[in-house]
Structure formats: structure tokens, C-alpha cells
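Q: Could you take me through one part of this model up close, starting from one charged side chain and working outwards? I'm new to this, so please explain the terms as you go.

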Amino acid sequence: MSREMSRKLSTHLLAWRHCALLMRTDLIQSLSERTFSLSSSQNTWILKRQYQLKLIDLEHRHPVRRQIQMSDQVYEVVECTHEKPTPPIQLLLLTDVPAYGKAGHLVTVPRNIARMFLLPEGKAEYVTPEGIAVFEAKKREEALHPELQSSSATSLSTVAHLSDILLLVPMNMHNPWKLERWHIRSALRLIGVWSPNDDVIELPQQEIRGPHLEMHGKSFSVFIRINGKERAHLLCQIDLRCKDPADALPVLDTFKPDQFEPLFPGAVSDENKPTTLKRRLPTDRPVVPRHQVVDF
Amino acid sequence: MRVPWWLRKATPEQFITIQRRVNRALVHNLDDPQPFAKYPAHFQRRFMERRHQEPVPVHYKPVEVPYEYDPEIGEIVRIEDTVPILPMFPPESHYGLWGGEGMVKGFIKRLDAPYMKKTAKWWYPKLSQVTLYSEVLDKYLLTIVTQRTLELIEEAKGFDFYLLKTHEVDLQSRLGLRLKGEVLRKLAAGDLYPDDPEKNSKIRKKYKAWTIPEEEAAWVGLSLEQAEAKYNAEQYAPPAPLKEVFREQLLLELHKLKLEGHDKDSDGSWTTRLNPFGKRAAANA
């Protein structure tokens with residue numbers, strides 16, 4: 001028995017006695033009112049008795065909960081679904097999220113994405129009748145202005161993907177060349193992105209000719225138009241290659257670097273420049289000294 | 001409540017003998033024979049519900065119809081399944097939101113090997129650390145929760161709605177009770193988002209059905225010790241300093257004199273004859 005409990009023991013006993021009548025009426029009332037959280041959860045241990053309890057006399061039973069034996073505590077597991085995948089959840093987006101949709105749209109997203117990013121960051125909301133009204137209004141407004149709509153359901157996520165990757169453009173190290181659209185198209189094909197024709201690719205204004213050894217690993221942006229509407233900024237790096245391994249230049253990293261050198265001034269568009277987000281460390285958390293910790 | 005190791009500290013209370021503690025408790029109760037009746041009725045109701053009401057079934061499925069057909073007898077027989085499977089709540093559960101889940105203690109027994117003894121077993125909840133956002137308090141909270149809590153929050157459509165709609169006995173945590181009280185107090189005071197009146201009115205409208213009067217909200221989620229401290233603080237009125245009392249009396253007397261016309265020394269007191277700037281005073285100097 002802890003300190004507080006022993007100090008207040010007699011107080012509690014008196015409280016029990018005093019409220020015996022009060023309790024009985026309120027219990028019945030509140031049980032009939034309670035409707036919330038009665039649905040079974042999928043991520044808890046749900047147990048069952050292996051042996052049935054002994055039948056007791058209903059008329060002469062003790063009013064207090066009956067004593068149970070050790071054999072009554074032998075359980076078997078009915079459900080254990082810790083590893084079960086959670087179903088997706090429907091949300092109302094409050095802002096434009098490139099990979100998921102536009103503001104005011106009802107979207108179905110994975111539950112973990114909703115829990116970890118969209119809901120705490122304030123980008124989405126749970127679906128409510130008021131939210132559905134907002135959604136309908138947004139739909140009506142978009143029908144009036146077709147130029148504001150995206151060309152397809154996946155076009156925005158494609159733009160987000162293309163803006164996120166780094167494309168290595170393999171070029172010859174010895175023979176002279178001029179960068180053309182089909183170079184970009186074949187480089188995209190190497191990483192599994194298929195472009196329908198060359199017209200969707202827009203090269204930078206300044207023409208790029210080579211080879212020069214200092215070009216290796218330098219960056220530039222090209223623009224890709226999706227469905228003739230959205231425009232994605234794709235970051236490319238020139239990768240000079242040759243057949244002779246003795247002449248080979250260092251292998252480039254396909255991960256997007258924090259800092260990159262542009263091929264010429266203004267070669268990299270602002271959308272492709274790295275964000276200056278401060279990395280958060282565990283030491284950034286406020287440290288509360290022990291004597292200031294408030295207990296409840 | 002047993003305090004976790006990271007909050008433990010030595011107190012003089014530890015070194016007091018048991019007999020002295022008992023004596024102190026008895027003296028307290030002689031002074032105040034019915035300590036619970038002095039609290040407001042809504043606190044009594046909430047406290048007793050939290051204490052005696054049966055929580056919603058978490059670790060078992062309740063039997064809806066307590067009867068079953070027995071093929072051996074050929075009759076319908078009663079099933080005795082009135083005893084719920086209740087978990088144990090360690091002190092650490094009060095520093096998180098476990099959503100009614102706890103540690104279940106029991107035994108397992110292999111049916112295919114009757115010669116083997118039954119084995120003791122604990123069934124633990126799966127815990128995870130997440131950040132929850134409270135719209136009313138406008139605060140982010142790093143807490144330890146179970147998956148069930150997250151599901152209940154999604155079912156209630158928001159962390160604040162989860163706290164408000166869930167019964168105190170189902171929250172099963174001191175942290176949850178405190179948060180519930182704070183949310184209710186904030187709603188009752190109505191001072192949310194002081195810089196943004198539009199959002200203030202929007203959120204107050206959203207939670208209008210759950211708003212309770214301020215004097216009731218002040219008592220929500222208190223333990224018996226906290227309630228006693230609150231009651232004592234309300235009863236105790238600090239005495240006024242004697243300096244202020246005497247000043248009041250003096251001012252009153254002076255005011256009376258003024259009304260009666262005695263404020264000026266016109267009745268020939270001996271002090272009026274004193275003239276420090278006269279001839280004699282000048283000669284002495």
C-alpha cells in the first residue's frame with residue numbers, strides 16, 4: 001500500500017459508504033446513455049476462458065462480484081491482430097498536397113500517412129457533414145473553371161515524383177555531341193519513366209555541347225509537360241561515360257545531393273534547389289530539470 | 001499511485017512510522033466525519049462513476065445471450081460468463097493514453113498434453129510513441145499510446161472529441177483525465193485562439209454540445225487529494241492585515257470629525273498658541 005493510499009484510507013471508506021445510494025441510480029442511467037467506443041478494436045488481445053465458469057444459483061448469489069479460481073483464469077487467445085494491416089482512411093484535404101490531391105477533395109489515404117503527416121500538419125481533416133458541404137462547394141466551383149482542374153487523377157503525383165528524383169544523363173566522353181530531347185527520353189527510360197514523345201520535353205534555352213571533362217556531375221533542369229497541362233521541373237546531371245574502364249570518371253550518386261553545381265549560371269530552376277530545412281536533433285528537445293517536472 | 005523511477009524522490013513522508021500515519025488519518029476524520037459530502041454533486045457523481053462503473057469490454061467479447069444449446073443433453077442450458085476479464089494497469093499507464101488496454105494476467109494450458117501443468121502468462125499491449133494535436137488547447141502532445149487509442153480517436157473524429165466523448169472510466173489514465181479537464185476548462189472559459197476571433201467562434205460552435213459550465217469544469221478529472229486541496233483553497237479566505245484595518249478606522253474617525261466641523265482647531269487648544277517663529281524663539285536662536 002502506498003503512502004497516499006494509507007493516509008486517505010479511512011477517508012475513502014467513508015466516501016464509499018456515503019455514496020452507495022447515489023451510485024446505484026446513476027449507474028443505471030449512465031449505462032443506458034453510453035454508446036461510444038463499444039466497437040471492437042483490431043489491435044488488442046482478445047481472450048476467452050478455456051474452461052466454463054461453474055454455474056451459480058441466480059437467486060441466492062452474492063451481490064458483489066464473485067470470487068474466481070485459478071482455473072477460471074486459464075485463457076485462450078481469440079484474436080491477436082497486432083500485425084494486421086490497417087485499412088485506409090478517408091480524409092478531407094485542406095491544402096493542396098501534390099501526391100494526394102487538391103484542397104477541398106475527399107481522398108482515401110493510408111492510415112499511417114494520415115496519422116503521421118496529414119492530420120498533425122493540418123493539411124487534412126476528418127470527414128464531417130460540414131466538410132462534405134465544403135467539398136461539394138469546391139466541386140461546383142471547379143466545374144465553372146475547368147482550367148483550374150488537374151488533367152488527371154495521377155498527374156499531380158507524377159509532377160511530385162519527377163520533381164523529387166535526380167536523372168543521370170549518360171553521354172559520351174570522347175565523341176562530340178549536342179544535347180537533344182531524345183537523350184533525356186532515353187535517360188528517363190533507363191529509370192523506368194516512359195515519355196510518349198519528344199515534344200513533352202523542354203530543354204534549357206542555352207544549348208549544351210560536349211564533351212568537356214568538367215561537365216561531369218554538373219546539374220541542369222529540364223521541363224516536362226504532362227497531358228499538355230502540368231509542368232514538372234526535372235533535375236538532371238551529365239554523366240560522361242566511356243567503354244575503357246581506364247579512362248572512366250568517378251561514378252555519380254543517384255541520390256539527390258544537398259548541394260550541386262549548375263552547368264551554367266541559372267541552369268537549375270528554383271523548384272529543384274534544395275530546401276533549407278533545419279534537421280532536428282534529439283538534443284533540440286526542451287530539457288525539463290527533474291525538480292520542475294509537474295506530476296498529476 | 002506508485003511513482004515511476006524517473007519521478008521518484010525521497011520525501012520525509014517515507015520515514016514516518018505506520019502508527020503515526022494511522023493516528024494522523026484518524027484525527028483528520030474526527031474533525032471531518034463526512035468528507036465526501038462537502039464536494040459538489042457533479043463531482044461526487046463523476047468520481048463514483050469513475051470508481052465503480054464497469055468499463056467497456058476491451059480484452060474480451062461479452063456474451064450477448066447467456067444461453068446455449070447442449071447437444072449431449074438435448075436442451076438449452078445457461079452459460080455462466082458474468083465475470084469480465086479485466087487487465088491490470090501499471091503506473092506507467094497513467095503517463096500515456098492506452099485507451100483501456102492493460103496487462104492481462106492469466107494462465108495457458110495445452111489441451112493436447114493434459115499431463116503438463118498450466119503456465120502463467122502476461123499479455124501486454126503494443127505501445128507506440130506518437131504526437132497528438134489538440135485543437136482546443138492548440139498544443140502538440142508527445143504521448144505513448146496503443147493502436148486502439150488511435151482507432152478510437154479516428155472513430156471520434158479528433159483527439160478533443162475522443163477526450164470529451166469517452167467516459168472517464170474508459171480513459172483509464174491520470175493524464176487523460178487531466179487533459180479532459182483542461183479541454184473542458186478551456187471551452188468553458190472560451191478564450192481559445194486570442195489572436196484569431198474567426199477561428200475562436202468556429203471551434204466554439206464545433207464543440208458547443210460538449211461545453212459545460214465553468215464551475216463544473218473546474219472539478220473535472222480531479223483525484224480525491226486534488227479535490228480536497230481545491231476545496232480547502234476555496235474555503236480559506238486570507239485574513240486582512242491589521243495595518244489596513246486601523247487605517248480604515250482612522251479615516252472613518254477623521255471623516256466624522258470633519259462632518260461635525262471639528263477638523264480645524266478653532267476651539268482654542270493650547271497648541272494653537274505655540275508660535276515657533278515668534279520673538280522669543282528668535283532670541284533663543
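A: Let's start with B:K230, which is partly exposed at a relative accessible area of 23%. Here buried means under 20% relative accessible area, exposed means over 50%, and partly exposed is in between, using a 1.4 Å probe and the protein chains only. Before we go on: this is a predicted model, where local features need pLDDT of at least 70, side-chain atom pairs count only at pLDDT 80 or more, totals for chains, interfaces and linings use all residues, and side-chain values use heavy atoms, with hydrogens and water left out. Residues are numbered from 1 along each chain as its sequence is written, while chains are lettered from A and ligands numbered from 1 in the order in which they are written.

So what does B:K230 meet? Its side chain forms a salt bridge with that of B:E234, at 3.5 Å from N to O; the term means a side-chain nitrogen of Lys or Arg within 4 Å of a carboxyl oxygen of Asp or Glu. The two residues are four apart in helix α9 (residues 224-235) of chain B, so about one helical turn separates them. (Helices are DSSP runs of H or I with at least four residues, strands are runs of E with at least two, and both are numbered from the N terminus.) B:E234 is partly exposed too, with a relative accessible area of 48%.

B:K230 also has an aromatic contact: its charged end sits over the ring of B:W219, 5.5 Å from the centre. That counts when NZ of Lys or CZ of Arg is within 6 Å of the ring centre and within 35 degrees of the ring normal. Chain A has a contact of this kind as well, with A:R231 over the face of A:F223 at 4.2 Å from the ring centre.

Now follow B:W219. It belongs to one aromatic cluster with B:F36, B:Y39, B:F43, B:F47 and B:Y231. Over all chains, the search finds eleven aromatic pairs, where rings of Phe, Tyr and Trp (its six-membered ring) pair if their centres lie within 6.5 Å; planes under 30 degrees apart are stacked, over 60 edge-to-face, and the rest tilted. Take B:F36 and B:F43: their ring centres are 6.5 Å apart with the planes at 45 degrees, so this pair is tilted. Both of these residues are buried.

Back to charges, to put that first bridge in context. The whole structure has 20 salt bridges over all chains. In chain B, such bridges link B:R46, B:R50, B:E168 and B:E216 in a network. Another bridge joins B:K61 and A:E79, at 3.0 Å from N to O. This pair crosses between chains, from the loop between α2 (41-52) and β1 (67-70) of chain B, where B:K61 lies, to strand β2 (residues 75-80) of chain A, which holds A:E79. Both ends are partly exposed: B:K61 has a relative accessible area of 47% and A:E79 has 24%. In chain A, the side chains of A:E207 and A:R209 meet in a salt bridge at 2.8 Å, N to O. A:E207 is partly exposed at 44% relative accessibility, and A:R209 is partly exposed at 47%.
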